[in-house]
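Student: I should like to work through this structure with you, beginning with its helix packing.

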Amino acid sequence: MISELVAGENVFQPMILKTIKTGKSKAPSESLFARGNVEDKSGSLPYITFDANTVEIIRNSDNSKPQAFFVSGKVDVSKYSSNGLQVLIEHIEPLKPEDDVSMLMPEGRFDRQAYEEKFQALCKSVHTPTLRKILETVFNPGFCKTFFKTPAGMKMHHAYLGGLLEHTVNVAELAASMAETIGNVDMDLVLSGALLHDVGKVKEISTELGFPYMTEGKLLGHITISALMVRDAAAELKIPAASIQELLHIILSHHGEKEKGSPMECVTKEAFIVHYADEVDAVMNQFDTAEAKGSWSFDYMLKRDLFLRK
């Protein structure tokens with residue numbers, strides 16, 4: 001695993017290569033090189049290679065999506081890396097279809113079974129008939145099999161298998177807690193909005209290696225897809241469109257501001273509650289998934305250094 005590598009160690013293991021640059025080094029050698037990052041589910045390190053065959057394979061690869069290879073080389077010291085290490089790649093080999101790539105698929109540090117049970121309990125706690133029927137229609141057993149393993153992002157937050165489940169449950173619980181404290185709030189509407197706010201990510205983000213965005217996700221985005229899924233479920237159930245307007249508003253405004261991707265801005269108590277629950281959980285996840293504990297680390301989502309307590 002990448003997180004366990006130390007300087008001087010030889011490596012031969014599957015890794016994802018994310019190439020930043022290929023080219024020729026400056027005179028007098030003018031040798032070919034490629035550099036970027038190697039990753040597995042435990043973390044990442046910078047890499048560099050001067051092997052001509054390796055550079056040629058990298059150049060001919062489809063860099064529009066993550067590329068996995070068996071990587072052989074050595075862990076070297078680098079003053080440009082945050083932890084002082086890099087992988088000096090000597091050779092790469094394409095993976096075969098039968099090769100185990102589980103070590104390349106990020107997983108969250110949470111109890112998936114416990115979260116599945118929490119999710120089902122939250123759905124059942126909604127008593128308003130129209131909202132309960134929509135939840136049951138959208139979250140049918142077949143759909144849940146995919147929903148429970150989908151990541152909530154490619155890399156920004158909860159970017160691991162099951163991340164969407166963890167994020168959804170956390171948002172619902174945070175929103176319910178805020179709603180109870182604030183009072184005079186439609187709890188069923190809050191819970192339904194929280195449970196459905198990111199459901200479209202199932203059709204936006206693939207569970208394949210690297211969690212690439214699917215065509216529907218690139219064309220429509222998860223907010224639009226989520227709203228369409230809820231509207232289609234309501235139509236199937238013959239629920240009047242007027243009855244789900246506030247639910248749709250929560251979904252369409254859950255990023256809070258148009259500058260952050262929301263088609264609408266929050267105008268109801270319930271929408272504000274779900275928005276802030278969503279934002280808090282996404283921010284807190286940055287602390288949970290950061291690698292360098294006990295130090296400062298720059299967070300690209302928040303665009304600032306975070307202090308990571310041990």
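Student: At what angle do the axes of α8 and α9 cross?

Tutor: This is a predicted model, in which local features need pLDDT of at least 70, side-chain atom pairs count only at pLDDT 80 or more, and totals for chains, interfaces and linings use all residues. Residues are numbered from 1 along each chain as its sequence is written, and side-chain values use heavy atoms, without hydrogens or water. Helices are DSSP runs (H or I, at least four residues), as are strands (E, at least two), numbered from the N terminus. The axes, lines fitted to C-alpha atoms over the stretch in contact, with angles from 0 to 180 degrees between N-to-C directions, come within 9 Å and cross at roughly 165°.

Student: Which relative orientation of α8 and α9 follows?

Tutor: Angles over 145 degrees count as roughly antiparallel. The crossing is at roughly 165°, and therefore α8 and α9 are roughly antiparallel.

Student: Which helix gives the most to the largest nonpolar core?

Tutor: Such a core joins buried (under 20% relative accessible area, 1.4 Å probe, protein chains only) Ala, Val, Leu, Ile, Met, Phe, Trp, Tyr and Cys residues through side-chain atoms within 4.5 Å. The largest has 51 residues, and Phe119 and Phe139 are among those with the most contacts inside it. Eight of its residues come from the leading contributor, α5.

Student: Which residue of β5 is the bridge partner of Tyr47?

Tutor: Strands pair if DSSP finds at least two bridges between them. β3 (residues 43–49) and β5 (residues 85–94) pair in the parallel sense over three bridges. In β5, the partner of Tyr47 is Val87.

How values were computed
Buried < 20%, exposed > 50% of the residue type's maximum accessible area, 1.4 Å probe, protein only. Parallel < 35°, antiparallel > 145°, perpendicular 65-115°, else oblique.
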